[in-house]
Amino acid sequence: MPSDIRLALLVGLVALAGVLGAVWRLRTGRAKAIRSGELVDLAELGAVKNGKPVTTFGKRVTFLQFSSEVCSACRQTARVFTELEANSSDVLHIEVDITNRLDLAKKYNILQTPTTLVLDQNGRVTSRIGGAPKQETIEDQLGLFEI
């Protein structure tokens with residue numbers, strides 16, 4: 001194969017990778033509304049807070065974050081939600097490590113971590129955030145649940 005064709009292929013692949021990366025970056029961290037959200041079963045999640053099982057959802061909103069052991073963005077995302085929870089008594093953050101819970105990954109279609117499901121006060125999924133959520137996305141989601 002001539003070198004000019006190889007060079008053109010290489011430049012094309014790099015350009016394609018750049019475009020795909022830009023599209024990925026624009027979509028990551030944004031909320032996608034879920035029209036027919038399913039109810040989340042807290043008992044099935046096995047979520048624990050302060051050594052006790054979580055049995056109720058947040059009075060306003062619950063952020064259900066799916067994480068994995070090797071995810072560095074998961075730790076930062078958890079810090080953001082934990083701080084939000086500490087400053088808002090009507091917000092709950094639940095983090096579930098799906099490293100050994102492939103049943104949950106399959107059920108909730110978790111393809112990347114972190115993935116956060118936004119739940120109303122009854123535990124119904126209203127939105128889904130793939131990747132580390134942007135601050136404006138979190139604020140927008142909170143705005144949907146004004147009391």
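These legends walk through several close-up views of a predicted model.

**View 1. The open sheet and its two edges.**
Start with the five strands, which make an open sheet with mixed pairing, in the order β1-β7-β6-β4-β5. The edge positions go to β1 (31-33) and β5 (91-97); each has a single partner strand, so one side of each has no neighbour in the sheet. If you ignore direction, neighbouring strands here are turned against each other by 20 degrees on average.

**View 2. Where β1 meets β7.**
Zoom in on one edge, and you'll find β1 and β7 (residues 125-130) running antiparallel, joined by three bridges. One spot to look for is A33, which sits opposite S127 in β7. Helix α5 (residues 135-143) also packs on the sheet and touches β1, β4, β5, β6 and β7. The direction of α5 makes about 140 degrees with that of β4.

**View 3. β4 and β5 side by side.**
Now for a parallel pair: β4 and β5 are linked over seven bridges. Follow the pairing along and you meet V61 opposite V91 in β5, and F63 opposite H93 in β5. Both strands are mostly covered, with seven of seven residues buried in β4 and five of seven buried in β5.

**View 4. The two faces of β4.**
Which residues of β4 point one way, and which the other? V61, F63, Q65 and S67 go one way, while T62, L64 and F66 go the other, and all of them are buried. That fits a general habit: in a regular strand, side chains alternate between the two faces of the sheet.

**View 5. Helix α3 lying across the sheet.**
Here α3 (residues 72-87) lies across β4 (61-67), β5 and β6 (115-119), and runs at about 155 degrees to β5. The helix has 16 residues and spans 24 Å from first C-alpha to last, close to the 22 Å expected at 1.5 Å a residue.

**View 6. The two sides of α3.**
Look for C74, T77, A78, F81, L84 and E85, the buried residues of α3. Why do they end up on the same side of α3? Their arc around the axis is only 125 degrees, which puts them there together. A helix makes this easy to picture: an α-helix has 3.6 residues a turn, so residues three or four places apart point the same way. The buried residues of α3 pack against β2 (48-49), β4, β5, β6 and α5. Turned away from that buried side is a face with the exposed residues S72, R79, E83, A86 and N87.

**View 7. The largest nonpolar core.**
This core holds 19 residues, and V40, L45, L64, F66, I94, V96 and Y108 have the most contacts inside it. Two or more residues come from each of α2 (42-45), β4, β5, α4 (102-107) and β6. The top contributor is β5, with three residues.

**View 8. F66 and its surroundings, plus a second core.**
What does F66 touch, once its neighbours within four places in sequence are left aside? F66 is in contact with L45, V96, I98, L104, Y108, I110, T113, P114, T115 and L117. There's also a second, separate core of ten residues, including V61, F81, L84 and I138.

Conventions. Residues numbered from 1 in each chain as written. Predicted model: local features only at pLDDT ≥ 70, side-chain atom pairs only at ≥ 80, totals over all residues. Heavy atoms only, no water. Pairing = 2+ DSSP bridges. Helix = DSSP H or I, 4+ residues; strand = E, 2+ residues; numbered from the N terminus. Axes fitted to C-alpha atoms, helices over the stretch in contact; angles between N-to-C directions. Contact = heavy atoms within 4.5 Å. Expected span 1.5 Å × (residues − 1). Buried < 20%, exposed > 50% of the residue type's maximum accessible area, 1.4 Å probe, protein only. Arc of directions from axis to C-beta. Core = buried A, V, L, I, M, F, W, Y, C linked by side-chain atoms within 4.5 Å.
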